[in-house]
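Here is a friendly walk through one protein model, with the charged pairs taken up before the cores and the pocket. Keep the viewer open as you read.

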Amino acid sequence: MHRLLCLQNALLGSFVVLATFVTLCNAQCYFIPNESSTSNGCKDLNGVTHQLKSDWETDNCESCHCDDGGIECCNTAAIPMDYDRDKCQAVLNKKTCTYTVLEKKNPLKTCTVKAWVL
């Protein structure tokens with residue numbers, strides 16, 4: 001009985017960790033279902049139609065793909081997560097698709113970031 005309880009606790013703990021990981025992995029992607037797609041391709045949020053099976057990059061540092069189901073886009077820039085949000089702000093460079101975290105009062109000074117999410 002004790003072994004069964006330990007096994008159940010271990011499985012439950014594994015599922016919690018896995019669910020958290022999957023949530024973090026998918027947090028930076030979105031999907032536009034078939035309703036916005038045409039037979040010739042997929043229509044994005046800006047009304048632009050892309051060919052089926054095509055891939056492209058957006059101006060907002062996203063990598064997108066069109067298939068029969070619709071469009072899937074995912075962020076390509078690592079996003080700073082663990083920094084002093086009261087003192088600092090994240091600034092996206094759209095040309096390089098990178099964030100810099102700068103002090104709000106002195107934007108020439110960078111801030112320490114302890115964690116990033118892609």
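## A charged trio

Let's begin with E103 and K109, which form a salt bridge whose closest N and O atoms are 3.9 Å apart. Please bear in mind that this is a predicted model. K109 counts as partly exposed because its relative accessibility is 45%, and that value falls between the 20% and 50% limits of the class.

E103 has a second partner: K87 forms a salt bridge with E103, and here the closest N and O atoms are 3.6 Å apart. This pair links distant parts of the chain, 16 residues apart, with K87 in the loop between strand 8 (79-80) and strand 9 (88-93) and E103 in strand 10 (residues 98-103). K87 is partly exposed, as its relative accessible area is 45%. Which side of the cut-off does E103 fall on, buried or exposed? With a relative accessible area of 12%, E103 is buried, because buried means under 20%. Through shared partners, the salt bridges join K87, E103 and K109 into one network. How many salt bridges does a search of the whole structure find? The search finds two.

## Around E103 and T110

What else touches E103 once its neighbours within four places in sequence are left aside? The contacts of E103 are then K87, C88, K109 and C111. Two of these names, C88 and C111, return in the section on the cores.

T110 sits in the loop between strand 10 and strand 11 (116-117). At 54% relative accessibility, T110 counts as exposed, because exposed means over 50%. Beyond its neighbours within four places in sequence, T110 is in contact with T100, V101 and L102. T110 and C88 are 22 residues apart in sequence, while their C-alpha atoms are 8.3 Å apart in space.

## Nonpolar cores

Which residues make up the largest nonpolar core? There are seven: I32, C42, W56, C64, C66, I71 and C73. Strand 6 and strand 7 (70-75) are the elements that give two or more residues to this core. Another core, of five residues, lies apart from it and includes C88, V101, C111 and V113.

Within the largest core, C66 is a good residue to click on. Leaving aside neighbours within four places in sequence, C66 is in contact with G41, C42, H50, Q51, L52, K53, S54 and W56. Both C42 and W56 in that list are also members of the largest core.

## The largest pocket

The largest pocket has a volume of about 220 Å³. Its lining is made of 14 residues, and the closest to the pocket centre are Y30, D44, N46, T58 and E62.

Which strands each supply at least two residues of the lining? They are strand 1 (29-33), strand 5 (55-57) and strand 6 (62-67). Strand 6 therefore has a part in two of our topics, since it is also named among the elements that give two or more residues to the largest core. By class, six residues of the pocket lining are nonpolar, four are polar and four are charged.

Conventions
Residues are numbered from 1 along each chain as its sequence is written. This is a predicted model: local features need pLDDT of at least 70, side-chain atom pairs count only at pLDDT 80 or more; totals for chains, interfaces and linings use all residues. Side-chain values use heavy atoms; hydrogens and water are left out. On a 1 Å grid over the protein atoms alone, a cavity is a set of points where a 1.4 Å probe fits but cannot get out, and a pocket is an open set with protein on both sides within 12 Å along at least five of seven lines; lining residues have an atom within 4 Å of a point. Grid points are joined across faces, edges and corners, and a volume is the space filled by probe spheres set on the points. Helices (H or I, at least four residues) and strands (E, at least two) are DSSP runs, numbered from the N terminus. Ala, Val, Leu, Ile, Met, Phe, Trp, Tyr, Cys and Pro count as nonpolar, Asp, Glu, Lys and Arg as charged, and the others, Gly among them, as polar. A salt bridge is a side-chain nitrogen of Lys or Arg within 4 Å of a carboxyl oxygen of Asp or Glu. Buried means under 20% relative accessible area, exposed over 50%, partly exposed in between (1.4 Å probe, protein chains only). Contact means heavy atoms within 4.5 Å. A nonpolar core is a set of buried Ala, Val, Leu, Ile, Met, Phe, Trp, Tyr and Cys residues joined through side-chain atoms within 4.5 Å.
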